[in-house]
Amino acid sequence: MNINMKNRIFVLYVLILTAFALCGCGSHGLSRYNPTPVTVWHCYDGAGALKFNELVADFNSTFGRENGITVTALAMGSAESLEAALFDSIAQKTGSLDPPDIFQCSPDTAAALEGKAELVDFDDYLTEDEKLIYVRRFLDGGCVGEEGSWKLFATAQSTQVLMLNKTDWDKFAAQTGADTDSLLTWEGLARTAADYYEWSGGKAFFGHDDLADYLIVGSSQLGSELFRVSGDSASLGLDKTVMYRLWDSFYLPYISGYYTQSGKYRSDDIRTGDIIAMVCSSARASYFPDKVVTADGVSYPIECMSLPLPNFEGTASYAALSGGGMAMLKSGTAKEYAGVLFLKWLADEEQGLCFSAQSGYMPVTLESVKPDVMSAYLDANPADERISSALLTSLSQNEAYIMYTPAGFDGGTQAHAILRQTLLTFAKKDRDRADTVDYDARFDEWYSDIANKLQECCE
């Protein structure tokens with residue numbers, strides 16, 4: 001073979017290698033020279049949204065640039081707003097946005113998408129060995145549908161905790177001998193709220209941010225699954241005795257003036273001094289106010305304290321996992337592989353610890369979810385005290401409690417909306433007539449009302 005022929009072959013070889021590099025062959029179609037765009041819709045807010053956007057920018061400038069991926073993140077407001085926009089985009093309604101590649105998604109939304117859009121099964125991209133680094137129950141919470149396919153990739157999880165205005169609690173405790181141990185159960189919390197009402201001259205003590213979680217988790221804790229889910233459908237599992245105990249533990253303290261709800265969130269009620277204790281998501285810890293401003297203009301600084309979620313006396317300790325996960329629309333293109341790489345990067349220990357410390361969400365790897373690992377990280381990377389307190393409480397709770405993830409079903413979103421409002425509506429209506437209300441008759445009315453409405457969600 002002459003030299004010219006050898007040179008021609010060498011040049012051809014170089015051109016072939018260059019073509020492979022440019023087209024991304026051997027890397028699932030990804031190329032540094034022609035980055036694959038990935039759009040992510042999320043409903044993080046406040047500190048969580050800020051940190052998520054920072055992480056996306058970090059990904060794009062490091063791992064994403066090296067691997068030919070560019071992520072664009074869009075904050076869609078509330079979970080309800082995201083879901084509405086998602087269904088509009090999938091249905092290609094006039095004026096709707098293009099569908100995202102990845103989106104935050106609850107098990108209920110995933111179930112409702114059945115037949116409307118196909119979601120990526122992450123088992124197609126991660127081996128069983130790769131999955132071993134993650135908390136198993138976080139993965140299991142993302143398995144949906146008849147076959148229990150892994151459609152929701154949990155990159156962060158939240159749970160509910162009890163947050164306390166420590167400044168005003170200390171005044172109350174100093175004069176009455178009240179102890180935070182009394183707040184470990186719903187019954188003890190109600191008794192403490194009654195004592196606070198008497199001590200304060202008629203002020204409410206407590207408010208709950210999400211009564212749907214209270215009713216769903218409480219029902220399961222008391223031995224009756226509120227929704228019996230099979231595949232994407234559900235049947236109603238109301239137990240009247242269980243529902244009466246749930247009713248009794250909220251309705252009676254509320255109409256007696258011990259509990260209240262005025263603002264959109266209970267952090268609003270803490271800020272105005274209307275309550276001093278609330279149950280909220282660990283992801284909303286940053287909204288806990290640093291001062292109270294009363295209606296008559298009195299203002300004073302306050303400290304916060306985080307405590308475990310109360311449970312019912314005589315039962316195992318339960319708490320809900322929320323935050324859903326990230327779902328991905330199936331496309332059969334390089335976007336799927338690019339999206340999986342982004343989610344794995346986001347869930348890794350370094351990014352997980354960083355996001356958690358700034359948002360209140362729990363990380364998802366077996367190592368990063370350990371309270372001592374997070375505590376060490378916070379020592380080296382000081383964060384907002386409110387978030388740190390709620391986060392460490394939720395991580396300890398994650399070890400000690402049965403962490404409950406309600407299964408999703410088509411109609412579940414509507415069922416949650418009903419559960420958030422019905423008990424509160426009855427309690428608010430009866431607040432000014434606590435001495436004359438027919439307690440058992442009102443329970444029967446509520447039970448009938450909620451049974452009928454929830455049955456419609458299951459049909």
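1. Lysine 171 and aspartate 168 both belong to helix α8 (residues 166–176), where they stand 3 residues apart, about one turn of the helix. In this predicted model, the two side chains form a salt bridge whose closest N and O atoms are 3.3 Å apart. The accessibilities of the partners should be noted separately: lysine 171 is partly exposed at 41% relative accessibility, whereas aspartate 168 has a relative accessible area of 10% and is buried, because the limit for that class is under 20%.

2. The bridge within helix α8 belongs to a wider set, as the structure holds 23 salt bridges. A second example pairs arginine 266 with aspartate 209, with 3.4 Å between the closest N and O atoms. Arginine 266 is in helix α12 (residues 266–271), and aspartate 209 is in the loop between β7 (206–208) and α10 (211–221); the pair therefore ties together parts that are 57 residues apart in sequence. Arginine 266 is buried, its relative accessible area being 1%, while aspartate 209, at 21%, counts as partly exposed.

3. A third salt bridge joins aspartate 444 and lysine 240, and here the closest N and O atoms are 3.3 Å apart. This pair links distant parts of the chain, since aspartate 444 is in helix α18 and lysine 240 in helix α11 (residues 240–255), 204 residues apart. Both ends are partly exposed: aspartate 444 has a relative accessible area of 40%, and lysine 240 has a relative accessibility of 41%. In addition, Asp430, Arg433, Arg442 and Glu445 are joined into one network by salt bridges that share partners.

4. The aromatic content also deserves comment. A search of the whole structure yields 38 aromatic pairs. In one of them, phenylalanine 443 and tryptophan 446, the ring centres are 6.1 Å apart and the planes meet at 50 degrees, so the pair is tilted. The assignment follows because planes under 30 degrees apart count as stacked and those over 60 as edge-to-face, the rest being tilted. The two residues are 3 residues apart in helix α18 (residues 439–458), which means a separation of about one helical turn.

5. Are phenylalanine 443 and tryptophan 446 buried or exposed? Phenylalanine 443 is buried at 3% relative accessibility, and tryptophan 446 is likewise buried, at 0%. Both rings take part in one aromatic cluster, which is formed by Tyr244, Trp247, Tyr251, Phe426, Tyr439, Phe443, Trp446 and Tyr447. Helix α18, which holds phenylalanine 443 and tryptophan 446, also holds aspartate 444, the partner of lysine 240 in helix α11.

6. On the surface, Asp58, Asp348, Glu349 and Glu350 form a negative patch. Glutamate 349 of this patch is located in helix α14 (residues 349–359). With a relative accessible area of 34%, glutamate 349 is partly exposed; this value meets the patch requirement, because patch residues need over 30% relative accessible area.

7. A last point concerns a pair of serines. Serine 375 is placed in helix α15 (residues 371–380) and counts as partly exposed, with a relative accessibility of 28%. How far apart are the C-alpha atoms of serine 375 and serine 388? Their separation is 8.6 Å, and the two serines are 13 residues apart along the chain.

Technical notes:
Residues numbered from 1 in each chain as written. Predicted model: local features only at pLDDT ≥ 70, side-chain atom pairs only at ≥ 80, totals over all residues. Heavy atoms only, no water. Patch = residues over 30% accessible without salt bridge, like charges linked within 9 Å, V, L, I, M, F, W, Y side chains within 5 Å. Areas by Shrake-Rupley, 256 points an atom, 1.4 Å probe, with all protein chains shown as cover. Salt bridge = Lys/Arg side-chain N within 4 Å of Asp/Glu carboxyl O. Lys, Arg positive; Asp, Glu negative; His and termini not counted. Charge placed at Lys NZ, Arg CZ, Asp CG, Glu CD. Helix = DSSP H or I, 4+ residues; strand = E, 2+ residues; numbered from the N terminus. Buried < 20%, exposed > 50% of the residue type's maximum accessible area, 1.4 Å probe, protein only. Phe/Tyr/Trp six-rings, centres within 6.5 Å; stacked < 30°, edge-to-face > 60°.
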